[in-house]
Amino acid sequence: MNKPLSQEDIRRYNFNIWKLLIAGIVLFALFIISVGFGLFGELPSFRDIEHPKSNQASEVITEDGKILGTYFVQNRSNVTYDQISPNVINALIATEDIRFKEHSGIDFKRTFTIFLYAIIGKKQGGSTITQQLALNLFSEEGRQKNFAKRILQKFQEWVIAVKLERNYTKEEIIVMYLNTVDFGNQAYGIKSAARVYFNTTPDKLTVNQAATLVGILKGISRYSPTRNPERALARRNTIMGLMVKAEFLTEQDYEKLVEKPLGLRFSAATVNDGIAPYFRAVVKNDIKKLFLERSILKSDGTPYDLDRDGLKITTTINYEMQVYAEEAQREYMKILQASFFDSWKGKNPFKGKEMQIEQGVKRSDRYKALQLEGKSAEEIKADFNTPTRLSIFTWRGNIDTLMKPIDSVKYYKLLLRNAMMAMDPQSGNVKAWVGGINYEHFKYDQVKMGTRQVGSTAKPFTYTVAIQNGYSPCFSVLNEPVTIETPGSPPWTPRSSGTVPGYLTLQKALALSQNYIAAYLMKQVGPVAVATLAKKMGITSEVPAVPSIALGSFDASVYDMVGAYSVFANKGIWKKPTYILKIQDKNGVVLFNDTPIPVPVLNEEEAYVMTRMLRGVITNGTGWRLAGKFGVTGPIGGKTGTTNANSDGWFMAITPQLAAGVWTGCEDRAFHFTSTRQGDGATTALPIYAGFMKRVYASKTLNMSKADFEAPKNGTTITFDCNQYQQQEQTTELDEKLGF
């Protein structure tokens with residue numbers, strides 16, 4: 001029989017229980033204080049709380065405010081509270097933290113209820129939005145998997161969450177959370193997620209779009225709209241149901257929205273994808289050099305990291321023109337590549353080109369990787385001759401195939417490359433930049449980094465010097481071979497194909513790209529004057545003062561050539577082609593801005609006369625296909641160019657508002673079309689410009705004018721109307737006969 005407890009025993013037991021309870025509370029308080037002081041692991045300082053660090057993507061922005069792409073370790077771009085749709089805020093609060101606006105960082109009611117849910121077998125998250133933010137911002141390791149470590153981490157989150165609540169408003173906390181959370185598919189933050197999944201901005205997210213994105217947060221793989229669309233749809237509908245329960249959404253609206261599909265407009269966030277990848281790569285390298293040269297540093301004296309520091313780079317690129325340029329390239333290069341392969345049918349394109357193939361092998365990433373592994377030359381050779389699974393670029397898309405690596409090298413040697421740039425000649429602003437055919441496979445930029453022989457596109461430089469020396473476009477020259485002798489060098493006599501016999505005016509000779517007459521002018525004006533003018537017009541590569549530069553024997557980049565031709569369109573003024581307008585840090589502080597300085601090169605009259613001559617190339621010369629075949633009409637002047645053995649095809653063009661250049665050729669000059677009929681600039685380069693300009697002129701938003709080049713206000717003293725010129729010549733001859 002149990003002895004009943006006396007009142008004294010009860011008091012003693014109660015006292016002991018209270019002692020244990022108070023001791024537990026004190027110990028817990030001491031534990032929390034110890035956590036706060038960092039005894040169980042370093043916590044962020046007050047400064048860290050005020051200035052939380054996160055890897056933030058730098059954005060490359062077009063002149064019209066659209067995002068070309070980002071540089072990132074984590075593809076994150078920050079937004080402010082008023083740039084986020086209320087639908088996102090409501091979906092997040094309804095799902096993650098219904099009492100977010102009431103608690104001070106820790107929702108104790110929710111924290112203790114999770115134990116009750118655990119007892120009945122239901123798993124319930126206990127972290128508030130503020131606690132989740134603390135984990136996102138200040139835990140590099142992420143959520144701990146070890147139970148004991150996770151318990152300690154949870155208490156650290158409590159301490160940080162309280163500090164965050166003391167330093168920031170509720171609006172600031174929810175914005176910081178949405179800017180840092182991972183939405184999968186390399187989309188960090190709501191701005192990146194809106195762009196990646198729905199190709200929109202956070203302020204325009206609809207209820208169902210917002211619910212889809214918030215749904216991802218429960219599991220970026222499990223509820224990924226791209227990997228598991230059915231689960232993502234179910235989760236979206238669950239979240240909209242929670243929004244109804246929280247009175248953020250009406251039952252009627254819910255019934256309508258729940259029937260809608262996900263409606264994704266997915267665009268993967270990778271450096272290779274998206275428009276203008278070559279341009280973005282060039283910009284990134286240029287900014288690194290620029291910051292180094294000008295000692296542009298962060299406030300703490302450390303250098304900027306474009307992948308982490310959230311810079312905003314405003315460029316001159318016009319989004320619509322860039323899209324048109326890339327579309328024109330894809331459209332025509334498919335056709336041209338097929339023509340190239342056809343031209344070699346029944347022939348061996350690799351005969352006598354063993355050296356070029358060997359160079360291609362040694363330049364490949366595969367060769368370099370095998371060298372790093374310590375493989376011998378024989379082992380590397382064996383590897384390149386062993387079939388393996390490779391992803392090969394084609395104009396029909398990437399193909400996974402079984403192929404010998406040596407055969408892939410040969411295949412790529414026969415793959416035509418292409419580059420194009422367009423700029424506003426008056427401002428100097430670059431509007432479109434296509435540096436190659438596929439950045440994933442071929443990362444070398446052919447607009448600015450690469451140089452190729454320019455061929456007949458250099459002839460206008462010689463003609464310009466002739467105009468400066470008093471020649472009229474109507475001056476006639478007998479089209480016959482010319483030999484130029486230079487002391488210390490062998491005599492130079494250019495070859496010519498498609499020679500038009502008899503006397504030709506300079507206008508006609510340029511239009512028909514006649515080599516003999518270009519050589520005749522070079523003999524009259526001299527190579528030094530022509531080389532000097534080319535350099536003044538912005539050619540940065542070497543232009544040797546030799547007679548052959550009249551026919552374009554030197555190499556230049558598309559970037560330089562477009563800048564040079566812009567002088568004709570801009571009344572004789574050269575402006576350096578500019579593509580970075582402004583660079584700002586993540587707080588909007590301007591670190592750099594640029595405005596090109598005008599440099600007079602020609603007088604207005606000389607430039608205008610050259611525009612008339614270049615227009616003649618299009619109306620009555622080698623550029624006739626622009627209007628005659630492709631139907632592109634307008635005030636367009638231009639020049640085709642083809643180099644030795646058809647290795648390079650060029651087309652340069654100017655309008656009053658746009659200067660552009662296109663180059664096409666293989667990676668190695670030893671590989672080329674078998675005939676000029678198939679491989680000249682009018683066939684390989686001009687059609688891409690035609691496709692671009694057809695789209696530009698058709699655009700209602702670009703509103704490109706078709707007004708002609710403006711004549712000098714004071715008129716011209718150089719006669720370019722050949723009927724008038726002949727009358728003047730006849731009058732002069734008559735005066736001479738009469739002795740006047």
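Which helix holds Thr464? The answer is helix 18, which covers residues 459-468. That makes a handy starting point for a walk through this structure, which is a predicted model. Thr464 has a relative accessible area of 1%, so the residue counts as buried. Setting aside neighbours within four places in sequence, Thr464 is in contact with Leu533, Phe568, Leu602 and Met610.

Let's step back and look at the whole protein. Its secondary structure comes to 28 helices and 18 strands. There are 740 residues, and 51% of them count as buried. Among contacts with a separation of 6 or more, 69% are between residues 24 or more positions apart. The accessible surface comes to about 36600 Å², and carbon and sulfur atoms account for 53% of that area.

Now we can turn to the interior. The largest nonpolar core has 147 residues, and the members that touch the most others are Trp433, Phe461, Tyr463 and Phe692. Helix 22 (residues 558-569) supplies the largest share of this core, with nine residues. A second, separate core has 45 residues, including Leu217, Ile239, Val244 and Val258. To get a feel for the surroundings of Phe692, leave out residues up to four places away in sequence: Phe692 then touches Met321, Tyr324, Ala325, Ala328, Met420, Ala422, Ala432 and Leu658.

Another good place to pause is Val662, in strand 18 (residues 659-666). Its relative accessibility is 0%, so Val662 counts as buried. Not counting residues up to four places away in sequence, Val662 touches Asn418, Ala419, Met420, Gly649, Trp650, Phe651, Ala685, Ile688 and Tyr689. Met420 is thus a name to remember, as it appears among the contacts of Val662 and among those of Phe692. You can also trace a line from Val662 to Pro687: these two are 25 residues apart in sequence, and their C-alpha atoms are 9.4 Å apart in space.

Aromatic rings offer another way to find your bearings. The count comes to 18 aromatic pairs. One of them joins Tyr278 and Tyr439 edge-to-face, with 5.1 Å centre to centre and 90 degrees between the planes. This pair links distant parts of the chain, 161 residues apart: Tyr278 sits in helix 12 (residues 277-293), while Tyr439 sits in the loop between strand 7 (430-434) and strand 8 (452-453). Tyr278 and Tyr439 are both buried.

A further pair is made by Trp433 and Tyr559, whose ring centres are 6.1 Å apart; their planes are at 50 degrees, so this pair is tilted. Because Trp433 belongs to strand 7 and Tyr559 to helix 22, the pair ties together parts that are 126 residues apart in sequence. Both Trp433 and Tyr559 are buried. Elsewhere, Phe341, Phe393, Trp395, Tyr411, Tyr412 and Phe442 form one aromatic cluster.

Let's end the tour at the surface. Which residues make a nonpolar surface patch of about 340 Å²? They are Trp18, Leu21 and Ile22. Leu21 is found in helix 1, which spans residues 7-36. With a relative accessibility of 45%, Leu21 counts as partly exposed, whereas Thr464, where we began, is buried.

Key
Residues are numbered from 1 along each chain as its sequence is written. This is a predicted model: local features need pLDDT of at least 70, side-chain atom pairs count only at pLDDT 80 or more; totals for chains, interfaces and linings use all residues. Side-chain values use heavy atoms; hydrogens and water are left out. Helices (H or I, at least four residues) and strands (E, at least two) are DSSP runs, numbered from the N terminus. Buried means under 20% relative accessible area, exposed over 50%, partly exposed in between (1.4 Å probe, protein chains only). Contact means heavy atoms within 4.5 Å. A nonpolar core is a set of buried Ala, Val, Leu, Ile, Met, Phe, Trp, Tyr and Cys residues joined through side-chain atoms within 4.5 Å. Patches are made of residues with over 30% relative accessible area and no salt bridge: like charges are joined within 9 Å, nonpolar side chains (Val, Leu, Ile, Met, Phe, Trp, Tyr) within 5 Å. Accessible areas come from the Shrake-Rupley method with a 1.4 Å probe; for residues, only the protein chains shown count as cover. A salt bridge is a side-chain nitrogen of Lys or Arg within 4 Å of a carboxyl oxygen of Asp or Glu. Rings of Phe, Tyr and Trp (its six-membered ring) pair if their centres lie within 6.5 Å; planes under 30 degrees apart count as stacked, over 60 as edge-to-face and the rest as tilted.
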